[in-house]
Protein chains: 2
Amino acid sequence: MNPLAPINRLAAVFSKLPGVGKRSGLRMALRVARDPGGLVPDLVAALREVQEQVGACSRCGYLTVRDQDPCALCEDPGRDDTLLCVVEDPQDIILIEESGSFRGRYHALLGKLSPRKGEGLAKPRLEALFRRVGEGKVREVILALNTDVESDATAAYIHERLTESGVRVTRLAFGIPAGSAIAYSDSVTLARALQGRQVV
Amino acid sequence: MNPLAPINRLAAVFSKLPGVGKRSGLRMALRVARDPGGLVPDLVAALREVQEQVGACSRCGYLTVRDQDPCALCEDPGRDDTLLCVVEDPQDIILIEESGSFRGRYHALLGKLSPRKGEGLAKPRLEALFRRVGEGKVREVILALNTDVESDATAAYIHERLTESGVRVTRLAFGIPAGSAIAYSDSVTLARALQGRQVV
C-alpha cells in the first residue's frame, strides 16, 4: 500500500474547510501523520462534540445548542425587536457581539447573491428575512454585509424588496478602520470615507 | 450551555495544525457546525485511517505504511545509494519525487537548527544523518533545504560536520524560479542567481 493514499484522502477532506487549499490540506495531513499521539483523539472528540451539540437557529441562523431553537439571542427578552441586523455569516454575529455595541436581533443569510454566477445565495434565508420583517415588529434593518460586489448586490436587492415595507434600511458605515492611517487606505476606501464624512 | 464553547474547543484543536491561526480555526469550526452531515464522519474516518496506517520511516523520516519499516523508498533496489538528499520536511520528499529528477535516497531532518532559540532541531535526526553517512555508501549529500537563516545555519553545520568524511556536500541551486521574471525577483535572489551563474 502507498502511505500517501490515506494522507491524500485526509488532505482532500481538510481542503473542504474554508481557507484550506490543496497544499495546506496536505501540510495538515502530514502533521497528523507525524503526531506522537494526542492530536487525532482531541480532534475526533471536538468534532463529535460540535456535531452532537451545536446546530443552527432556525430563526436567525446563528449557532445554538441542539435542544434550544430558537437560540438564546432570539429568545433574550432584553434585546430590541425593532432593530434587525443582517449578516452574511454566523461568525459576523460573534464579532458584533464581542464589540458590545448592538442589542437588537440578528439574521444570518449564510451566503450572498452572486450576480456573476447566476445566484449563489441560499434563497430560503432571504425569503425568511422578508417574512420576519413582514411580522411587523422590525423598524430598522441594518445591513452588516461585506464590501465586495456580491455583498453590494445583496444589499441593493434587500433594499429594493423592502422599499414598500416602510422599514428603514441602513448599512454599516464605510471608512478608515480604527487604528489605521490614511496613508494605508486604498482609493475606494478613501472615496467612500469622503462620501460618508460626518460633522465633528 | 453556550453553543460557542464546543466551537471554541474545536477551533483550538484546529489551530494546532500548521498554517491555521485563531481566526481561521474558528472559521473551520463554524463550517463544521453548519455541515449538513457528511463532513464530520468523513473527517473522522480519514483521521483514523492516517493514525492507524501511516507512520514515519525510522531510517529516512518519510511516510510509510505501519508494518513496513524502512519505507518503500529506502528499500527500493533501483535507487542510487551513493546520493543522499537531505530535506527539512517529509512534504519536500513528495515534491522532489513529483519532479521526477532524483533517484537517490532521502533523509528528512523533521526540523532545522534555530540559532536564535538555542536549538530547535530534533538532534537525533541530525545524528542519524551522520551515522548514515558513516556507513560508507554515500558519496554525495545534497542539501535540499529552504533559504531562510535557520536553514542556512543547518546547512553550514552539516557541511562542517562532514568536512573530514570526504563526502561531497552540495546544496540546491539558488536562482530565478522557473516561469518567473527578473522584474519580480528580490535583490537577495538576484544576488544569489548572479553568484551561481552558469556557462550557457
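Is Leu110(B) buried or partly exposed? Select Leu110(B) to find out. This is a predicted model, and the tour starts in one of its loops.

**Stop 1: the loop residue Leu110**

Leu110(B) counts as partly exposed, because its relative accessibility is 27% and buried means under 20%. The residue sits in the loop between strand 4 (104–108) and helix 6 of chain B. Check its backbone. Phi is positive, about 60°, although Leu110(B) is not a glycine. Most residues other than glycine have a negative phi.

Now select Leu110(A). Its loop runs between strand 4 (104–108) and helix 6 (123–134) of chain A. Phi here is near 55°, again a positive value in a residue other than glycine. Leu110(A) is partly exposed, with a relative accessible area of 27%.

**Stop 2: the cis prolines**

Go to Asp69(A) and Pro70(A). The peptide bond between them is cis, with omega near 0°. Most peptide bonds are trans. Pro70(A) lies in the loop between strand 2 (63–65) and helix 4 (72–75) of chain A.

Jump to chain B. The bond from Asp69(B) to Pro70(B) is cis too, with omega near 5°. Pro70(B) belongs to the loop that links strand 2 (63–65) and helix 4 (72–75) of chain B.

**Stop 3: strand 2 of chain B**

Select Thr64(B), which is part of strand 2 of chain B. Thr64(B) is buried, because its relative accessibility is 3% and the limit for buried is under 20%. Show its contacts. Beyond four places in sequence, Thr64(B) touches Gln53(B), Val54(B), Gly55(B), Ala56(B), Cys57(B) and Cys71(B), and also Pro3(A) from chain A. Draw a distance to Val54(B). The two C-alpha atoms are 5.7 Å apart, with these positions ten residues apart along the chain.

**Stop 4: the two-fold axis**

Show both chains in full. How large is the turn that lays chain A on chain B? The turn is 179°, with a shift of 0.0 Å along the axis, and the RMSD is 0.1 Å. The two copies are therefore related as by a two-fold rotation axis. Both copies use the same surface: 100% of the contact residues of chain A recur in chain B.

Select Val44(A) to find the axis. Of the residues of chain A, Val44(A) comes closest to it, with its C-alpha at 3.0 Å.

**Stop 5: contacts between the chains**

Select Leu43(B), in helix 3 (residues 39–53) of chain B. Leu43(B) is at 0% relative accessibility and counts as buried. Leaving out residues up to four places away, Leu43(B) touches Leu10(A), Val13(A), Phe14(A) and Leu47(A), along with Phe14(B). For scale, draw a line to Gln198(B). The C-alpha atoms are separated by 49 Å, and the two residues are 155 apart along the chain.

Next, take Gln91(A), in helix 5 (residues 90–99) of chain A. At 10% relative accessibility, Gln91(A) counts as buried. Its contacts beyond four places in sequence are Arg23(B), Leu26(B), Arg27(B) and Leu30(B).

**Stop 6: the nonpolar cores**

Which residues have the most contacts inside the largest nonpolar core? Select Ile7(A), Phe14(A), Leu47(A), Ile7(B), Phe14(B) and Leu47(B). The core has 78 residues.

Keep Ile7(A) and show its contacts beyond four places in sequence. In chain A they are Leu26(A), Ala29(A), Leu30(A) and Ala33(A); in chain B they are Val50(B), Val54(B) and Leu63(B). Apart from this core lies another, of 17 residues, including Val86(A), Val133(A), Val138(A) and Leu145(A).

**Stop 7: a helix pair in chain B**

Select helix 6 (residues 123–134) and helix 7 (residues 149–162) of chain B. Their axes come within 11 Å and cross at roughly 35°. The crossing is right-handed. Now show side chains. Helix 6 of chain B brings Lys123(B), Leu126(B), Glu127(B), Leu129(B), Phe130(B) and Val133(B), while helix 7 of chain B brings Tyr157(B), Ile158(B), Arg161(B) and Leu162(B). By class, the contact has seven nonpolar, three charged and no polar residues.

Finish on Ala128(B), also in helix 6 of chain B. Ala128(B) is buried, with a relative accessible area of 14%. Draw a last distance, to Tyr184(B). The two C-alpha atoms are 39 Å apart, and the residues are 56 apart in sequence.

Technical notes: Residues are numbered from 1 along each chain as its sequence is written. Chains are lettered from A and ligands numbered from 1 in the order in which they are written. This is a predicted model: local features need pLDDT of at least 70, side-chain atom pairs count only at pLDDT 80 or more; totals for chains, interfaces and linings use all residues. Side-chain values use heavy atoms; hydrogens and water are left out. Axes are lines fitted to C-alpha atoms, for helices over the stretch in contact, and angles run from 0 to 180 degrees between N-to-C directions. Helices (H or I, at least four residues) and strands (E, at least two) are DSSP runs, numbered from the N terminus. A crossing is left-handed if the near helix is turned anticlockwise from the far one by less than a right angle, and right-handed if clockwise. Contact means heavy atoms within 4.5 Å. Ala, Val, Leu, Ile, Met, Phe, Trp, Tyr, Cys and Pro count as nonpolar, Asp, Glu, Lys and Arg as charged, and the others, Gly among them, as polar. Buried means under 20% relative accessible area, exposed over 50%, partly exposed in between (1.4 Å probe, protein chains only). A nonpolar core is a set of buried Ala, Val, Leu, Ile, Met, Phe, Trp, Tyr and Cys residues joined through side-chain atoms within 4.5 Å. Copies are superposed by least squares on the C-alpha atoms of residues with pLDDT of at least 70 in both.
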